Amino acid sequence: MSDLSTLTPYVSVSELPLQGMITLRADLSQKTVATAVKAITGLAMPAPRAILEKGAYGIAWMSHDEVMILCPYAECAAHVATLDKKLAKLHHLALDMSDARAVFEITAPTAGALRDCLAKLMPTDFHPDSLGVGELRRSRVAQAAAAVWLTDPKTAQLFAFRSVKQYVHDLLRVSGAKGGEVGYF
Amino acid sequence: MSHRLPQGGRLIDKARTVAFEFNGQKMRGLAGDTLASALLAEDQMLVGRSFKYHRPRGIVASGAEEPNALVGLGRDARFEPNQRVTTTELFEGLEAQSQNHWPSLENDIGVVNNYLARFLPAGFYYKTFIHPRPFWKHVFEPIIRQSAGLGKAPKDRDADRYEHFYANVDLLIIGGGIAGLQAALDAGKQGKRVLLVEQTAHWGGRAPVDGIELGGKSADEWITATLAALGKMKNVTLRTRTMGAGVYDHGYALAYERVTDHAPSVDAPRHRLWRIRAARIITATGAIERPLSFAGNDIPGVMLASALRDYLVNYGVAAGKRIVIATNNDDGYRSALVAKEAGLEVAAVIDPRPDATGDLIEAARSAGIAIKQGIAIAEAQGGKRVTGVKICAQDSDGSTGEVIACDAVGMSGGWSPVVHLWSHCGGKLIWDEAQACFRPDPARPPLSHDGEGFVFVAGAADGHSTAAASLKSAQAAVAAATGQAVKSRLPKVVEPELGALAPIWIMPARAPIQKRAKMWLDFQNDVKVSDVQLAAREGYESVEHTKRYTTLGMATDQGKLSNINGLAVLADALQAQIPAVGTTTFRPPYTPISMGAIAGEARGAVFQPLRRTPIFDWHVEHGADFEPVGQWRRPYCYPRAGEDRHAAVTREINATRGSLGLLDASTLGKIIVKGPDAGRFMDMLYTNMMSTLKPGRCRYGLMCNENGFLMDDGVVARLDEETFLVHTTTGGADHIHAHMEDWLQCEWWDFKVYTANVTERWAQVAVVGPNARKLLEKLGSDTDLSAEALPFMAWTDAKIGGFEARVFRISFSGELSFEIAVPASQGLDFWKSLIEAGAEWNITPYGTEGLHVMRAEKGFIMIGDETDGTVIPQDLGLDWAISKKKEDYLGKRAQARSFMDNPDRWKLVGLEALDGGVLPDGAYVIRAGKNANGQNNVQGRVTSTYYSPTLKRGIAMALIHNGPDRMGEVVNLTDGKGGQIKARICSTIFFDPEGEKQNV
């Protein structure tokens, strides 16, 4: 099975266009930080592991001192400048990371099939009790780093580094090929 | 002869025949058969030859413990050796070949070993082939390898696909017999997330075969009802054909699902390896019947009594027409009763216990079966099939006695709980005197992270011989595993009372050596009672040593049948107690799993992540000859038609030094370090001073680990007062980022510093050569890139040809050079516009080899060439990059130690061969005299060596003892072919020592 062309998909995988992504590292408990982030996204600071979305904007909790802001690609530079300005007095790091990553959308015919497809590649606990819609998990997809979240029960978005996007895309095709339905979730 | 009965067979469908081939012979079985039952139905009692003596071997067992009946399955891209016929479900078109014989199964020349058996005892090879020494490698080993070995390795690429699956559960239950089912039911009712796996295709284990009645129903009915109840529980997952393969630390477990082995025409992954995180695990793995050790116990037709019963009940297949059962326990009588009911002639039950009584014995007696108590089998008779047994008193030497004709023998030496999975992660065992078996010691379970036991045992695996006790233990296991009481009512069990077994390890008790040398312990590896006794006599007291000396339990079945019998014989020979001798170590997997399952999806296109730069596709289109650099693929060079690598590299370097070259440097590591303490942090990371670097400027620096060894190097750019951009080597990016975070999080948590790895955010292109600036000016820049405005080792933001860019005036080639970073998504367009605009200067893309040669011409070091983890900056003459002013930096203290601060260390110099040739890579610099091993003494080695197109001769760098003090001296180097080459020590800088070319 080294020929991907012989596989028929049961989930669909597509690479999304460039997504604006800003990495912000700071003390997330500071009100200044929450205010600055809200000014850009309209969203409050997410709880640990959560991802919040509103229109073209979003914010994902990445670690105790890091969030990722989602925004239209073209706006990134301006938002980074805004953050640097508003957080000037606070120790922080704001970076436009949009170009560093690729984003995939994975759509499955059923909620179970989606979780099955991902659970073949990621050691994440995909049980709905452990990973619901609106929760982002940083993990790995086979041998590459990745973050994943469910946008709705049958759709997931997966972030990976740009250099391995072909590998990740191929992995998802292999995992989502017909015959490989696990029927676990 | 073995045959199919008109009646019986709970797992087969008599209406559907299935055609298959064994050794090219067409045969027919029934849907639901295993290959074993189908072969027996066709009277194929001889299925293979043993490993060492090539003795004829038949099917011994009915499950995973089968030692003999291994075959090669399938052909070509679907061939797999050493498959147990007992666990191979029959399918239409199955092809099997028996193993370990030549020219054929029936007529095997290797059987001559059998007649030489007394010259081939344990340790024979060790003792015999030790002298003369060279003979082992060149004569003995090839011959032994030819005659030994089981299946053949597949030659073709595997046609199937495989995958992994990660599951996280509260409770993993391994084994789907009645204990496992009951445990799943109870844990399911508690609401736990449960995964129940069963290695066979059927639920219920032995209960249906043994005729147990549960809750007023037959075992089959109870199983069906229980499965229905479990099926309604959304929190319980049931999986057949899935074997618990291994239990590891912290509740990690592997299960091996054989998805399409029984239906290979289905387009699906063949095997799926379940990688399970379980809070708790219950092993309900049952028990395995032990053989009895009597002479000739390996002749085809002699099998486990339980297997004989399984074939009758499950598949309607009789192992013979006239049966003898030999048993030291009551369970063996079940097989006699089943055979009798099936209409077979039961010649006798041989029971070495003089006065055993019990329900099953009484039942056998009233069925009219002859029971011979206090009696043993002196020897089984026959060649390729059993023809009879000679019987004698158990307490005798077996020299006299009558012969009972028979064509099948069922033997039962008692049952051994399957403790493998309990033991994998450190669960300890206790010796159960009454049942003569090791069973899990509940006081010493495998421990999890919290110091609590995480594996619990249920059913026969816990040493319970009755269904009632098994079900009760399942409930107890669930309660213990989940910490919640279990309240469900157990079904009422109707089953016979079982009496005590007699621990009989040799039959008859005083058998002489001729008989003991025919009593097989390990069928697959041909280890007999006499071999283990010999090992004991020769001083092998540890069971682990005996195992290795005799190979007991070292075959593909890992001693499932031989383990207890073998160590009981060893204990007896050592006059020790069995628990004092102990067991060998149980290691995963429980039975062999496929290599494909272990690899999972990682093959072909997704074998490994292949990292591609934003410009990768252009390189492919332009014929790049790639080399791996970590997981990246980078162009080594770009050969044109008719060019070899050497010619291409030469052309690329000459074009770059002569006019204009272009390098895709995107793989370089890029890490942002920002914060009020960034300068302080950088000063600790680097050996030189970084905090004094001015914004807008770059500085080359070295990073050492805490042992003082040079770890990485690169150019640092200061972006602003608080922010540094660290360039690392391509291979160092992830590691250096992790190194930074390690120190920040674990040691210097009070430093106000944030880091981020931005390597992939940028495409980076080096524009190199005398015409580099002209090219950028032609493209158009909104920023002055002149030598005055942007001098060497400065950087600036600029818009070049419409691209937002960051331009670094740094050079790894010694030429005028600009390294330009643009957003990764624009990297390819930027590269193309450079190529297009550079045509008038013959712009030439160059690869990693050109990069390496040009840096060597300039005497620049390369991490991984000049360093190997034992080299310090001082060795490389980089003292100028080590701050004397700084109070501390990582590696400073280590570099002050006596063996680091030592004039005798090898130091970096240049080397030029006297004949102008290229020195061999890694060549040693020879010193007079020999060392203790008779080898030449050495005083240095070559670290980098190339042909320099610029100088038109070979150049090299080498680490040489006192090298810098020996300029001009001629030294001898090994040429790798036994000869020597003369080379002169020189400066490491071969080209433009004043740096005039880069500084324009």
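Q: Which residue of domain 2 touches Met68(A), Cys71(A) and Leu95(A), among others?
A: This is a predicted model, in which local features need pLDDT of at least 70, side-chain atom pairs count only at pLDDT 80 or more, and totals for chains, interfaces and linings use all residues. Residues are numbered from 1 along each chain as its sequence is written, while chains are lettered from A and ligands numbered from 1 in the order in which they are written. Two residues touch, or are in contact, if their C-beta atoms, placed from the backbone, lie within 7 Å. Leaving out residues up to four places away in sequence, the residue that touches these three, and also His79(A) and Val80(A), is Ile22(A).

Q: How many residues does the largest nonpolar core have?
A: Such a core joins buried Ala, Val, Leu, Ile, Met, Phe, Trp, Tyr and Cys residues through C-beta atoms within 7 Å. Buried means 20 or more other C-beta atoms within 10 Å of a residue's own, placed from the backbone. Ile22(A) and Val765(B) are among those with the most contacts inside this core, and its size is 352 residues.

Q: Which element gives the largest share of the side of chain A that touches chain B?
A: The contact takes 36 residues from chain A and 39 residues from chain B. Elements here are DSSP runs, numbered from the N terminus: helices (H or I, at least four residues) and strands (E, at least two). Strands E2 and E6 and helix H4 of chain A each give two or more residues. The largest share, 6 residues, comes from H4(A).

Q: What distance separates the centres of the two domains of chain A?
A: The bounds come from an automatic or database domain assignment. Domain 1 covers 7-16 + 100-175, and domain 2 covers 20-98. Taken over C-alpha atoms, their centres are separated by 24 Å.

How values were computed:
Buried ≥ 20, exposed ≤ 12 C-beta atoms within 10 Å, placed from the backbone.
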